[in-house]
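Work through the following exercises with the sequence and the structure side by side. Each task is followed by a solution that goes step by step.

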Amino acid sequence: MLSIKAIAGYVPSQRISNREKMSKFDLNDDFIENTIGVIEHARKASDEDTSDLCVSAFANLTQKVEVNVSDIDCCIVVTQNPDYKLPHTSAIVHKKLGLAKNCACFDISLGCSGYIYGLSTIMAFMQSNNLKNGLLFTADPYSKIIDEEDKNTALIFGDGATVTLINDEGNWQATGYDFGTDGNGYQDLICTDKLFMNGRSVFTFAASVIPSHIKNLMAKYSFEDIDIDKYILHQGSKYIVDTIRKRLKVDERKVPFVMYNYGNTVSSSIPLILEQELQNSDNKRLIATGFGVGLSWASVILEKIER
Amino acid sequence: MQATVEIIKEAILEAEVLNNVDDLVNDISLSKQGCDSLDLVNVYMILEEKFGIKIPDEDLDQLLTINGIIEYLNARI
């Protein structure tokens, strides 16, 4: 049975402080801490590319678990900011990690819902092809596309990457998924030259669609709030996470918000939280929900395997 | 359903924008009465859901006061 063996994140050490932008964008501390929830955001080094972020996440993974690169037979990178338009970034990661030639590599082009889609994809792909050890990377450094003069985006996004090791030795299993798309909103979060975000539309989408999506998923699997230990929501902004939580009517302690010191890391935001929460012995069942560019959304139910 | 002062104030409370809506003045902009732009986005979303309509961005300058919101909604439902 395929499962999550381990997750490791990498957040670059360089930080950009939003407090230093207070006069430029007419901000105050309350807005920074309680509305966007980003005091400072992580920024990759100028010579650090998307594949390098993946390699650094992998280096952190090897500090947690033993990984023999010759055993890796599947490698997926979730990104919309690849090293190049082509080839796929997973091929570059393949070279940098020295993976075997029988390793399947491909990218998935999704944003903030990408980890959930990626998790479902790698599990299904490995299952159907009898693969044994997979790496699912997320790395979407928005610093490549941010307009530093745009208040809607310049304060929120941070760079980061994660890697999830999939094999049959882990303690967490994905037991249910739900997915959705509303292509009518494709222009609400779009990059032609620089990133553009219609903040009102994205907020309205997240606050109106995501609570009912999560409720529907729980109903589909006959779960109530008492059955769920944590709701791991994509860290869009504090205001969005708080609004979804309030509309779900769930306890604040069940909805982690952790991005104060590194920002919205797009598809990495969920696995960065899971890296901690999967180690928490109190957690037996989690729901993780991603939502954003597309407009796209997805949720997974993760359950601890009692061995 | 017709838009009324009470329904607009209920939406403001539901959005948790203000704790007390009793003293809101109907013809003064909500932004001058403690609602910031993000709060108003939240209120507009709740009203869109209540009334089953979509409020385009270009119409928002008609929805700055409670009276303006009522007039706008009642012209479209």
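**Exercise 1: The fold of chain B**

Read along the sequence, chain B shows the pattern α-α-α, where helices (H or I, at least four residues) and strands (E, at least two) are DSSP runs, numbered from the N terminus. This is a predicted model, in which local features need pLDDT of at least 70 and side-chain atom pairs count only at pLDDT 80 or more, while totals for chains, interfaces and linings use all residues. Residues are numbered from 1 along each chain as its sequence is written, and chains are lettered from A and ligands numbered from 1 in the order in which they are written.

Task: Find out how many helices and strands chain B has, and why it counts as being as compact as a globular protein of its length.

Solution: Begin with the secondary structure of chain B, which comes to three helices and zero strands. Next, take the radius of gyration (over C-alpha atoms) and the globule rule, which is 2.2 Å times the number of residues to the power 0.38. Chain B has a radius of gyration of 11 Å, close to the 11 Å that the globule rule gives for 77 residues, so it is as compact as a globular protein of that length. Finally, the C-alpha trace of chain B spans about 25 × 25 × 20 Å along its principal axes.

**Exercise 2: A crossover in chain A**

Task: Describe how the chain passes from β4(A) to β5(A), and which residues of α4(A) are buried.

Solution: First, strand β4 (residues 74–78) and strand β5 (residues 104–108) of chain A run parallel and are joined by five bridges; two strands pair if DSSP finds at least two bridges between them. Within this pair, Val78(A) stands opposite Ile108(A) in β5(A). From β4(A) the chain crosses through helix α4 (residues 89–97) of chain A to β5(A), in a right-handed β-α-β crossover, meaning that, with the strands pointing away from the viewer, the path from the first strand over the helix to the second runs clockwise.

Then consider burial: a residue is buried if 20 or more other C-beta atoms, placed from the backbone, lie within 10 Å of its own. In α4(A) the buried residues are Thr89(A), Ser90(A), Ile92(A), Val93(A), His94(A) and Leu97(A). After α4(A) comes Gly98(A), whose phi is positive, near 70°.

**Exercise 3: Where the chains meet**

Task: Determine which helix of chain A supplies the largest share of the side that touches chain B.

Solution: Start from the contacts (C-beta atoms, placed from the backbone, within 7 Å), by which nine residues of chain A meet seven residues of chain B. On the side of chain A that touches chain B, α7 (199–220) and α8 (238–248) each supply at least two residues, and the largest share, five residues, comes from α7(A).

Key: Two residues are in contact if their C-beta atoms, placed from the backbone, lie within 7 Å. A residue is buried if 20 or more other C-beta atoms lie within 10 Å of its own, exposed if 12 or fewer, and partly exposed in between; C-beta atoms are placed from the backbone.
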